[in-house]
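Open your viewer, switch to a cartoon view and keep the selection box handy. We will go from stop to stop, with something to select at each one.

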Amino acid sequence: MGKDKGIVVPGDFLGTTEEFMLGRGVYDEEGNLYASQIGEISISDRRVINVLPVVGTPPMLEEGDVVIGRIEDIKDTVAIVSIACVKGKEKREIAASTQGVIHISNVKKGYVSELKQEFGYLDVVKAKVIDTKTLRLSTEERDLGVIKAMCMKCKGNLKRKGNVLTCGRCKRVETRKIADDYGKGLI
Ligand SMILES: [Zn+2]
């Protein structure tokens with residue numbers, strides 16, 4: 001990832017605190033700096049690194065909105081969600097590439113040791129917007145989380161069995177941060 005130009009997505013490594021000072025749209029994890037939002041990298045004369053929203057993107061989400069999206073990527077501390085629609089406002093237009101981010105601290109109440117225990121690639125999730133500037137999402141509440149998932153091994157549909165999901169085809173058992181209405185097709 002180029003450090004001077006280009007678009008970065010949440011979780012992209014930008015550099016270290018020895019090279020840069022923490023600016024906007026950036027978070028620090030043990031001396032490593034990562035993008036917390038989608039945007040362009042901008043570095044000031046004083047070596048302050050910022051990730052700034054791409055100019056011209058209209059604000060389309062409001063705090064407290066519940067969005068439906070797909071898990072696009074899972075990093076160590078954040079899951080990237082491509083947002084498809086807003087609950088109750090399905091007709092509101094969303095820019096095609098709108099991405100939100102679920103930080104490991106906003107997945108559920110209680111400690112999460114590994115994000116991959118909570119989300120899988122291409123899972124459909126329901127999440128609440130908690131910060132519109134950085135598009136941070138939360139799945140902490142009971143009715144939020146994964147509403148549809150497929151088996152990582154055979155791509156079969158996973159069905160809920162108590163607190164876990166099981167594959168009807170190959171019997172694999174997987175864990176997720178499951179929403180109350182998992183598998184009911186309700187948004
Ligand atoms: Zn399977």
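Select Ala127 to begin. Leaving aside its neighbours within four places in sequence, Ala127 is in contact with Val67, Val81, Gly100, Ile102, Leu137, Ser138, Thr139 and Leu144. Two residues are in contact when their C-beta atoms, placed from the backbone, lie within 7 Å.

A word on what you have open: this is a predicted model, where local features need pLDDT of at least 70, side-chain atom pairs count only at pLDDT 80 or more, and totals for chains, interfaces and linings use all residues. Residues are numbered from 1 along each chain as its sequence is written.

**The whole chain**

Zoom out for a moment. The protein chain has 0 helices and 16 strands; helices (H or I, at least four residues) and strands (E, at least two) are DSSP runs, numbered from the N terminus. Of its 187 residues, 31% count as buried. A residue is buried if 20 or more other C-beta atoms lie within 10 Å of its own, exposed if 12 or fewer, and partly exposed in between, with C-beta atoms placed from the backbone. Among contacts between residues at least 6 apart in sequence, 53% join residues at least 24 apart.

**The largest core**

Now select Ala79, Val81, Val101, Ile102, Ala127 and Val146. These have the most contacts inside the largest nonpolar core, which has 27 residues. A nonpolar core here is a set of buried Ala, Val, Leu, Ile, Met, Phe, Trp, Tyr and Cys residues joined through C-beta atoms within 7 Å. Which strands supply at least two residues each of this core? They are strand 8, strand 9, strand 10, strand 11 (124-131), strand 13 (145-148) and strand 15. Strand 9 gives the largest share, 6 residues. Apart from this core lies another, of 10 residues, including Leu14, Tyr34, Ala35 and Ile49. In soluble globular proteins, nonpolar side chains tend to be buried together.

**Strands 8, 9 and 10**

Select residues 66-74 and 78-86. These are strand 8 and strand 9, which pair in the antiparallel sense over 7 bridges; two strands pair if DSSP finds at least two bridges between them. Ile68 has Cys85 as its bridge partner in strand 9. A hairpin of 3 residues links strand 8 to strand 9.

Stay on strand 9 and pick Ile83. Buried or exposed? Ile83 is buried, because 23 other C-beta atoms lie within 10 Å. Measure from Ile83 to Ile71, C-alpha to C-alpha, and you should read 8.9 Å for residues 12 apart in sequence.

Add residues 99-103, which form strand 10: strand 9 pairs with it in the antiparallel sense over 5 bridges. Ala79 stands opposite Ile102 there.

Next, click Thr77, in the loop between strand 8 and strand 9. Thr77 is partly exposed, because it has 17 other C-beta atoms within 10 Å. Beyond its neighbours within four places in sequence, Thr77 is in contact with Glu29, His103 and Ile104. The C-alpha atoms of Thr77 and His103 are separated by 5.9 Å, although the residues are 26 apart along the chain.

**Around strand 11**

Return to the strand at 124-131. Strand 8 and strand 11 pair in the antiparallel sense over 5 bridges, and Ile68 has Lys126 as its bridge partner in strand 11. Strand 11 also runs antiparallel to strand 13, joined by 3 bridges, with Val125 opposite Val146. Another 3 bridges join strand 11 to strand 12 (residues 136-138), again antiparallel. Strand 11 and strand 12 form a hairpin with 4 residues between them, and in the turn Leu135 has a positive phi of about 55 degrees.

**Strand 7**

Select residues 48-52 and show side chains. Ile49 and Val51 point to one face and are buried, while Val48, Asn50 and Leu52 point to the other and are not. In a regular strand the side chains alternate between the two faces of the sheet. Strand 3 (residues 21-22) pairs with strand 7 in the parallel sense over 2 bridges, whereas strand 6 (residues 39-43) pairs with strand 7 in the antiparallel sense over 4 bridges.

**Last stop**

Finish with strands 14, 15 and 16, which form an open antiparallel sheet in the order 14-15-16. Its edge strands, strand 14 (158-161) and strand 16 (173-174), each pair on one side only. Lys161 stands opposite Val164 in strand 15.
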